[in-house]
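Colleague: I would like to go through the terms used for a ligand site and see what each rests on.

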Amino acid sequence: AKDAGKNKYVFFNHEMAAQLKNKIDVENILREALREDGFTLMYQPQVNIKTGYVDGFEALLRLKNYNVSPAVFIPVAEETGLIKEIGKWVIREAVSQMARWKAQGFDFKRIGINVSPKQLKEENFTAILQEILLEENLPPEYLEIEITESVVLDKTNDTIAIIENLKRLGVQIALDDFGTGYSSLSYLTFIPVDKIKLDKSLNDKFLGDGKVKVIDSLIALAHSLNLKVTAEGIEGMEQYKKLQKGGCDFIQGYFFSRPLTVQETENIYNKNFLQ
Ligand code: C2E
Ligand code: CA
Ligand code: CA
Ligand code: CA
């Protein structure tokens, strides 16, 4: 038994070492990408359920030269503090792309970007944002900031005040991954958000038979608070039909489209997804 314990200990150390090595690899990849223009954005359409056209997009970060998911590298970026610089790159790229589309006559209404808690709490986050919007000449209402509930639940850095400042600047705020934590409902009454994004896991769980009322109620609640609703991770026709019936505003998911390149995004400009 003692030997087994010893083996286990050794094994555990190996695994830890492997994880550590992997983390350092990812960190190095991120530093290289910052140095050598190694990031790119993909744009996932958000279809307006009433019109069938694309209203806006979520910008999703990718590494050009490595097949590493943001679900893996974003946490490393957060831990190492690289998220600040990477996040700034994301804002600049998304805002300038949106401004370019606008100048070219593409009438997209908004671009959503993900902002991680650490980034949001940066001393001068709002100032940086404002500066980029001015430099790129994009009216603030075209930008939607996606924040997660961990931000909302953390009251130490006066995050409510930060969000209120952002609202004053004129950008839109969406509450991302809604339904993955708990006590989700109560904070809707005091966080000044414009929209909630129903998480994939919630949709998968409740859009099945008999439970759709849960989603219907959330949509009704959001609407009663003057919030819009985007459903995320929608992969099937059945899910989409139920959301349409429940009055959901926007759909984002593989059923309509995966995240697209700039060129692909321009190609679907006039596409009606409901025809
Ligand atoms: P998220 O913000 O919840 O983004 C939605 C994720 O779901 C994206 O994964 C998207 O590609 C994926 N998705 C969309 N529709 C479907 C669907 O129908 N089925 C399935 N299975 N998946 C779908 P992605 O691009 O891999 O991003 C993962 C996460 O990484 C994001 O989750 C977000 O938390 C983070 N992330 C991505 N880009 C950025 C960024 O620029 N900054 C920060 N801070 N985080 C980012
Ligand atoms: Ca998001
Ligand atoms: Ca999400
Ligand atoms: Ca997520």
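The exchange below takes up the ligand, its contacts and its pocket.

Modeller: This is a predicted model, so local features need pLDDT of at least 70 and side-chain atom pairs count only at pLDDT 80 or more, while totals for chains, interfaces and linings use all residues. Residues are numbered from 1 along each chain as its sequence is written, chains are lettered from A and ligands numbered from 1 in the order in which they are written, and side-chain values use heavy atoms, with hydrogens and water left out.

Colleague: Which residues around ligand 1 come nearest?

Modeller: There are 21 residues around ligand 1, and Gln-44, Arg-62, Asn-114, Glu-235 and Tyr-254 come nearest. A residue is near a molecule if one of its heavy atoms lies within 4 Å of it.

Colleague: What makes the pair between ligand 1 and the side chain of Asn-114 a polar contact?

Modeller: An oxygen atom of ligand 1 is 3.1 Å from a side-chain N or O atom of Asn-114. A polar contact is a pair of N or O atoms within 3.5 Å, so the Asn-114 pair counts. Two backbone pairs also qualify: Tyr-254 has a polar backbone atom 2.8 Å from a ligand oxygen, and Leu-61 has a backbone N or O atom 3.2 Å from a ligand nitrogen.

Colleague: How much of ligand 1 does the protein cover?

Modeller: On its own, ligand 1 has 810 Å² of accessible area, and the protein covers 80% of that. Such areas come from the Shrake-Rupley method with a 1.4 Å probe.

Colleague: Why is ligand 1 said to sit in the largest pocket?

Modeller: A molecule sits in a pocket if more than half of its atoms lie within 2 Å of the pocket's grid points. Ligand 1 is assigned to the largest pocket, so it meets that condition. A pocket is an open set of points on a 1 Å grid over the protein atoms alone, with protein on both sides within 12 Å along at least five of seven lines.

Colleague: Which residues of the lining lie nearest the pocket's centre?

Modeller: Of 34 lining residues, Glu-58, Leu-60, Pro-70, Asn-114 and Asp-176 do.

Conventions
A polar contact is a pair of N or O atoms within 3.5 Å; within protein, one must be able to donate a hydrogen and the other to accept it, and residues adjacent in sequence count only if both atoms are side-chain atoms. On a 1 Å grid over the protein atoms alone, a cavity is a set of points where a 1.4 Å probe fits but cannot get out, and a pocket is an open set with protein on both sides within 12 Å along at least five of seven lines; lining residues have an atom within 4 Å of a point.
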